[in-house]
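Thanks for making the time this morning. I would like to take one structure with you, slowly, and I suggest we look at it together before I say anything about it.

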Amino acid sequence: MANLRAIRKRVSSVKSTQQITRAMKMVSAAKLRRAQDAINAARPYARRMREVVQAVAARAGEDAHPLLAAREGKKLALLVVTSDRGLAGSFNAGLTRAVHRFLIEHRGEYEEITLFVVGRKGRDFFRRREIPIRKEYLGVLGSVSHSHAEAIANDLVGGFLAGEFDEVQIAFNEFRSAISQAVRFEKMFPIALESSGKDGGDEVDYLYEPSRKEILAALLPKYVQTMILRILLESVAGEHGARMTAMDSATNNSVDMIARLTLQMNRARQATITTELTEIVSGAEALKG
Amino acid sequence: MASTIRLELVTPERLVLSEEVDEVVLPGYEGEFGVLPGHTQYLAILNIGMLWYRKGSAVTRIALGGGFAEVNHDRVVVMADTAERSDEIDVERAQRARDRAEARLKELSMDDDTYAKAHAELERALVRMAAGGGE
């Protein structure tokens with residue numbers, strides 16, 4: 001029979017863990033709401049940006065800017081967006097595992113795969129496996145801002161234009177809902193043109209100020225920033241969603257555990273009382289004899 | 001043809017406004033340009049500068065931190081890096097930012113990497129002051 005004191009200690013320890021998980025769940029819920037608001041607020045700009053880029057690019061064609069043109073080369077840059085903190089269920093593990101598998105499966109297909117990593121968790125994962133990381137971005141997820149997206153975009157666009165890689169993909173957790181995230185790989189650039197006919201060549205072209213070429217040169221990097229910002233925001237929302245779910249089930253588990261331990265504790269206490277009674281009774285019997 | 005234009009102003013952080021207006025003036029790359037209903041399709045890079053629009057006889061000024069504008073017959077979409085309405089601007093803060101930027105510019109030479117950045121900072125501060133009704 002388990003020691004009564006040990007069980008009592010265990011219960012109080014589980015209780016304090018439960019307090020923490022419950023608080024973390026509530027904090028995550030609040031942060032999730034804020035992250036969702038940020039996504040919604042950023043949406044109009046992103047949508048307008050995409051419309052304009054698609055409209056201009058459709059009129060200009062692939063050759064108008066290097067970011068639009070598909071290349072022969074086989075060098076890939078992969079941006080992996082993980083989180084800085086853990087305790088978010090399989091949020092990071094699922095993603096890093098998928099990326100690891102991707103690296104192994106596509107080793108032959110690409111000449112070289114360069115990794116860019118957002119988040120401490122991803123950095124730690126690849127460092128443990130001694131997979132080289134070109135650049136890591138830590139601590140940007142606490143308050144995602146446009147300037148963070150800009151810094152990442154500059155590195156990726158710069159490397160692409162300098163010919164260090166020919167294609168850029170991004171691996172991240174897509175935010176589906178508060179309780180559902182999915183690992184996703186998205187091709188970032190060369191920017192794919194939505195080849196729908198509605199904005200075809202018969203549409204009147206814009207007048208450009210200063211010129212189409214210069215506008216594209218300014219517009220496309222900005223577009224990349226917008227995409228990265230969107231993905232960072234989605235990832236943050238997903239992280240909070242995942243943590244909220246994880247902490248919710250942790251809290252539930254601790255409730256079950258406390259119930260089980262309490263039962264055990266009561267049994268143990270009753271057993272002690274029974275033993276004591278038996279001792280007293282048999283002692284009295286012995287005296288009578 | 002519509003007699004008003006839909007002006008939509010967005011920044012990466014939020015939708016700033018979406019309104020029917022009579023006239024818009026934007027700080028274009030090669031100088032200010034006005035947009036009235038029925039304007040031709042136009043796509044422009046915007047400088048740091050002031051946007052203003054007229055609705056009836058009411059004029060609103062907004063300080064823009066650069067961006068792009070797409071004009072489409074009866075719609076103007078402004079994608080700005082930053083945008084502050086004149087009534088949101090803290091003029092004193094803008095003045096402090098200007099003083100800071102001026103001080104920094106004095107220390108830097110023209111070929112410093114950060115010169116352009118500091119200069120843009122100064123321009124932004126000046127535009128905000130102007131839009132906010134400062135000196």
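I will go from the contact between the two chains to one residue within it, and then to the helix that carries that residue.

Please keep in mind throughout that what you see is a predicted model. Starting with the two chains, 25 residues of chain A are in contact with 27 residues of chain B, and the area buried between chain A and chain B comes to about 2,200 Å², with carbon and sulfur atoms giving 62% of that area. If we ask which three residues supply more than any others of the area that chain A buries against chain B, the answer is Tyr45(A), Arg48(A) and Glu209(A), which supply 34% of it.

Of these, let me stay with Arg48(A), which has 10% relative accessibility and, because buried means under 20%, counts as buried. Leaving aside the neighbours within four places in sequence, Arg48(A) is in contact with Glu8(B), Val10(B), Arg75(B), Val77(B) and Met79(B).

Turning to the surroundings within chain A, Arg48(A) is found in helix α1, residues 4-60, and α1(A) packs with helix α5 of chain A, residues 212-288, at an angle of about 160 degrees, their axes being 5 Å apart. Angles over 145 degrees count as roughly antiparallel, so that is the term for α1(A) and α5(A), and their crossing is left-handed. As for the residues of the contact of α1(A) with α5(A), they divide into 34 nonpolar, 11 polar and 14 charged.

Notes:
Residues numbered from 1 in each chain as written. Chains lettered and ligands numbered in written order. Predicted model: local features only at pLDDT ≥ 70, side-chain atom pairs only at ≥ 80, totals over all residues. Heavy atoms only, no water. Helix = DSSP H or I, 4+ residues; strand = E, 2+ residues; numbered from the N terminus. Buried < 20%, exposed > 50% of the residue type's maximum accessible area, 1.4 Å probe, protein only. Contact = heavy atoms within 4.5 Å. Axes fitted to C-alpha atoms, helices over the stretch in contact; angles between N-to-C directions. Parallel < 35°, antiparallel > 145°, perpendicular 65-115°, else oblique. Left-handed = near helix turned anticlockwise from the far one by under 90°. Nonpolar A, V, L, I, M, F, W, Y, C, P; charged D, E, K, R; others polar. Buried area = accessible area lost by both parts, 1.4 Å probe.
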